[in-house]
Each structure stands twice: as structure tokens, then as C-alpha cells.
Amino acid sequence: MSIERLAIEGGRPVRTRPLPSGKKVGKEELKEIIDVIDAGNLFRWGGTKVQQFEEEFAHLLGKKYAVASTSGTAAIHVAIGMLNPNPGDEIITAPITDIGSVIPILYQTAIPIFAEVDPETLNLDPDSVERNITPKTRAILPVHLFGNPCDMDALNDIAQRHGLTVIEDCSQAHFCTYKGKFVGTLGDIGCFSLQQSKHITTGDGGITVTDHEEFGIRGKLFADKGWRREEYGPRHYVVFGPNYRMNELTGAVACAQLRRGQDIVAARRRNGDLLTQLIQDVAHVRPQKLLDGCQHGYWLYGLIVQKNAPFTADEFSKAMQAEGLPASPHYIGKPIFLCHEAVRTQTLFGDSHFPFDHPHARKGITYDENTCPITQDVLNRLVTLPMSEFYTEEDVHDIAAGIQKVARLLRA
Ligand SMILES: Cc1ncc(COP(=O)(O)O)c(C=O)c1O
């Protein structure tokens with residue numbers, strides 16, 4: 001009988017064919033685009049597609065207002081524009097995210113405060129959020145990381161007790177649910193990215209939803225240079241904001257993508273949940289924890305190497321790759337504020353330290369290695385695996401077999 005050996009040590013790899021991939025756009029998108037070209041107007045005002053996308057997205061989520069925009073970053077900026085903070089106001093957010101969650105806070109001259117993540121869910125730890133609240137705090141901006149819904153009851157409870165607005169970053173979490181409700185509908189404002197890698201995509205794009213009338217009206221104006229278009233005659237801008245308007249070609253693709261969205265997420269969910277089930281007894285690595293009553297969307301599949309494991313995240317990832325299965329260590333590597341030199345050094349506008357040195361701002365806010373040590377530790381131990389709606393059950397079984405083999409045999 002032959003002894004099983006890791007591929008990294010010369011054994012037979014679990015998988016010799018690449019995992020499947022597929023095209024995210026096709027005839028349905030093309031048909032919508034042709035409508036726009038036939039109509040001859042690519043601009044959202046005077047067109048129908050962007051408005052249709054906003055209405056259908058809002059309807060699907062059961063929200064009153066939706067504002068389409070040019071990216072997930074823009075969608076979050078629109079949310080911050082709805083909130084309209086004062087310079088130096090604080091917004092508590094997650095240290096494991098894309099910089100697109102952070103840039104809008106700073107551009108709107110508020111200050112991001114990074115609470116720790118829970119090392120099992122990888123999402124904001126509500127206790128840490130509460131410890132970070134100060135008289136300057138205006139909002140909490142949780143990120144549903146990899147499509148894993150945050151502990152929204154706990155976060156909403158904190159927000160309510162402290163009079164804060166909750167802005168959900170759902171850029172990785174379209175159609176993921178918390179206790180039967182879509183994420184993005186649980187807080188005050190929900191933001192989505194439509195960038196190429198996301199569950200539904202227009203290449204780049206975004207959308208922001210809310211039920212609050214004041215936010216809804218302000219958001220629409222904010223994304224359109226503050227221009228109240230119902231008025232004729234001399235220009236009259238009523239909100240200070242950029243131009244984040246989605247165009248009709250993008251809106252056309254978005255309409256078609258929206259029709260596919262829930263099926264895409266259901267397929268990813270089937271695959272991700274199956275993987276979790278297949279690896280539940282594996283030693284030394286654990287999947288990102290999903291809270292009871294939640295449905296994940298597996299934008300990525302997160303695996304956490306346990307503290308006493310006989311291998312590191314780097315070693316585990318290399319061994320998986322040798323088995324023919326993609327895996328990457330550490331996701332963003334460091335808490336997001338250490339990934340961006342201008343943010344870390346708080347030097348954003350010229351060589352000033354605005355808004356950190358604004359008279360209204362709390363003194364002594366810094367971003368360094370001691371800001372989120374729990375988050376750094378779990379990033380050190382994190383491995384991400386791609387997940388896809390194009391994987392078959394057999395593909396998922398191969399991924400599980402690879403994880404089982406590597407976790408059993410790998411010794412540093
Ligand atoms: C969690 C999160 N927030 C915000 C963004 C920003 O989205 P975009 O790249 O569409 O601007 C992303 C995109 O990767 C993201 O993953």
C-alpha cells in the first residue's frame with residue numbers, strides 16, 4: 001500500500017485540472033445595451049435603464065430609495081453624503097475591508113475609527129465597537145466580509161442606544177441574509193459594489209439604498225453635484241457633492257445582472273455550505289464562522305488556521321496550491337489603515353493633517369500596529385479560497401479533499 005504524500009513533497013496532487021470559471025455576462029446584457037444604443041441616449045437623465053435598475057433594486061430589497069453610482073466606493077461616499085457629518089466626526093468601521101470603505105469617510109472629512117473584528121466571524125466585534133464610541137461618533141459602518149452577515153442585532157442595538165446611524169457595506173454580500181432579511185436592509189443605509197469580481201457586476205458600479213426620506217433625497221442630490229433638476233431657470237445647487245452618476249450603458253447591464261443575482265448567490269451558497277459541511281471534522285483549520293439564522297454568499301471562502309496548528313497560513317496555502325487548488329494567505333495582510341501610507345500617516349490633503357487636526361476632531365487618534373492586534377493576529381492566520389457559482393459538487397469535493405489532506409499531513 002502506498003503512503004499518501006503531499007504534492008508539495010512529491011506526492012500526487014488532489015487536482016490536476018484547473019477549477020472551472022465562466023463568463024458573467026452574455027446575451028441578456030447585450031440585449032439591454034442594444035436598447036440603449038437604439039434609444040440613442042447614454043445619459044441617465046432622459047434614459048430609462050438606470051432608473052429601472054434603481055427601482056427594481058429598491059423593490060427587491062423592500063427599500064424606498066436607491067441611488068445608483070459609479071463604484072462601491074462611490075456608493076459608500078453617497079451614504080456618507082446622506083449622513084452629512086461635520087469635519088472630525090467619527091465613524092466606526094472594520095479593519096478588514098477594501099480601502100473603498102475608508103476613503104469616502106475621509107473624503108467627507110470624517111474620521112474612521114477601527115474597532116476589532118471577532119476572530120471567528122472576521123466581522124466587527126460589537127463589544128469593541130461599543131468601547132470605541134466617543135461623543136464624536138456619528139455612525140457605525142459594518143462590512144459583511146466575504147458575504148458573511150455581521151451581528152446586526154447587536155450593532156443596531158448599540159446604534160440605537162447611542163443615537164448612531166448604521167451604514168452597511170454589502171460590497172461582498174449581495175443577497176446574503178440575516179434572520180431572513182437581505183443585508184443592506186438591516187441598518188439605516190446599505191451600500192453595494194458592482195465591480196467585476198462581485199456577485200453581480202457592471203465592471204464598475206455601485207448602489208446605495210435607504211428607507212429614510214431625508215437620506216434618500218439628499219443621496220440622489222449628492223451623487224448628482226447637488227443639482228435639483230426639477231427646477232428650471234438659473235442653476236441652483238442645493239447639496240455639495242460630486243458627480244457619481246451611473247450611465248445608461250452601465251444601467252442596462254445592471255438591469256440584466258439583477259435578474260441573475262439571486263441564482264448566482266444561491267449557487268455560491270450551495271457550494272460554500274457544502275464545503276463547510278465536508279470539512280467540519282478537519283483539525284487545525286476552521287471556516288469563517290456563520291452566525292445562526294444567516295446565509296453566506298461566499299465572495300471568498302475564509303479558513304482560519306488555529307493557534308496551535310503545526311503549520312502557518314503561508315505553509316497551508318503553498319501546500320494547497322501544490323495540490324492544484326488555489327489558496328492565498330492573509331487576505332489584505334494588515335489592518336486596512338496600515339495598507340495605505342497616507343491614511344496611516346494621516347496626511348491626506350496636501351501636506352496637512354486635516355481633518356485629524358480640525359478643532360472639532362478628538363485629539364490623539366493614531367493608526368499603528370497597536371490599534372487592532374486581534375485583527376492582525378487573525379489576518380496572520382487567515383487563508384482565503386476562491387468560491388464560484390461555476391463550481392460543480394465534484395469540484396467542491398476536490399477542494400474539501402485537498403483541505404483534509406493538507407491539514408492531516410502538513411507539518412512545518
Ligand atoms: C468590502 C468592500 N468595500 C468597498 C469596496 C469598494 O468597491 P469598489 O471597488 O466598487 O469601489 C469593495 C471592493 O472591493 C469591498 O470589497
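Me: Which residues does Asn148 touch, not counting residues up to four places away in sequence?

Reply: This is a predicted model. A contact list is read by setting sequence neighbours aside. For Asn148, that leaves Thr121, Asn123, Gln288, Lys289, Leu290 and His296. Asn148 itself sits in the loop between β4 (137-141) and α6 (152-162).

Me: Is Asn148 buried or exposed?

Reply: Buried means under 20% relative accessible area. Asn148 has 0% relative accessibility, so Asn148 counts as buried.

Me: What does the side chain of Asn148 reach at 2.9 Å?

Reply: A polar contact is a pair of N or O atoms within 3.5 Å. Here the partner is the backbone oxygen of Lys289, which the Asn148 side chain reaches at 2.9 Å.

Me: How many residues are in the largest nonpolar core, and which touch the most other members?

Reply: A core is read through its members and their links. This one has 90 residues, and those touching the most other members are Phe53, Phe57, Ile91, Val129, Leu141, Ile167 and Tyr367. Helix α3 (residues 72-83) gives the most to this core, contributing eight residues. Apart from this core lies another of 30 residues, including Val285, Tyr301, Leu325 and Ala400.

Me: What does Ile91 touch, not counting residues up to four places away in sequence?

Reply: Its partners include Ile80, Leu83, Ile105, Pro112, Ala139 and Leu141.

Me: How many residues apart in sequence are Ile99 and Ile332?

Reply: Sequence separation and spatial distance are read side by side. Ile99 and Ile332 are 233 residues apart in sequence, with 9.9 Å between their C-alpha atoms. Ile99 lies in the loop between β2 (90-93) and α4 (103-107). Leaving aside neighbours within four places in sequence, Ile99 contacts Ile336, His340 and Val343.

Terms used: Residues numbered from 1 in each chain as written. Predicted model: local features only at pLDDT ≥ 70, side-chain atom pairs only at ≥ 80, totals over all residues. Heavy atoms only, no water. Helix = DSSP H or I, 4+ residues; strand = E, 2+ residues; numbered from the N terminus. Buried < 20%, exposed > 50% of the residue type's maximum accessible area, 1.4 Å probe, protein only. Polar contact = N/O pair within 3.5 Å; in protein donor to acceptor, adjacent residues only side chain to side chain. Contact = heavy atoms within 4.5 Å. Core = buried A, V, L, I, M, F, W, Y, C linked by side-chain atoms within 4.5 Å.
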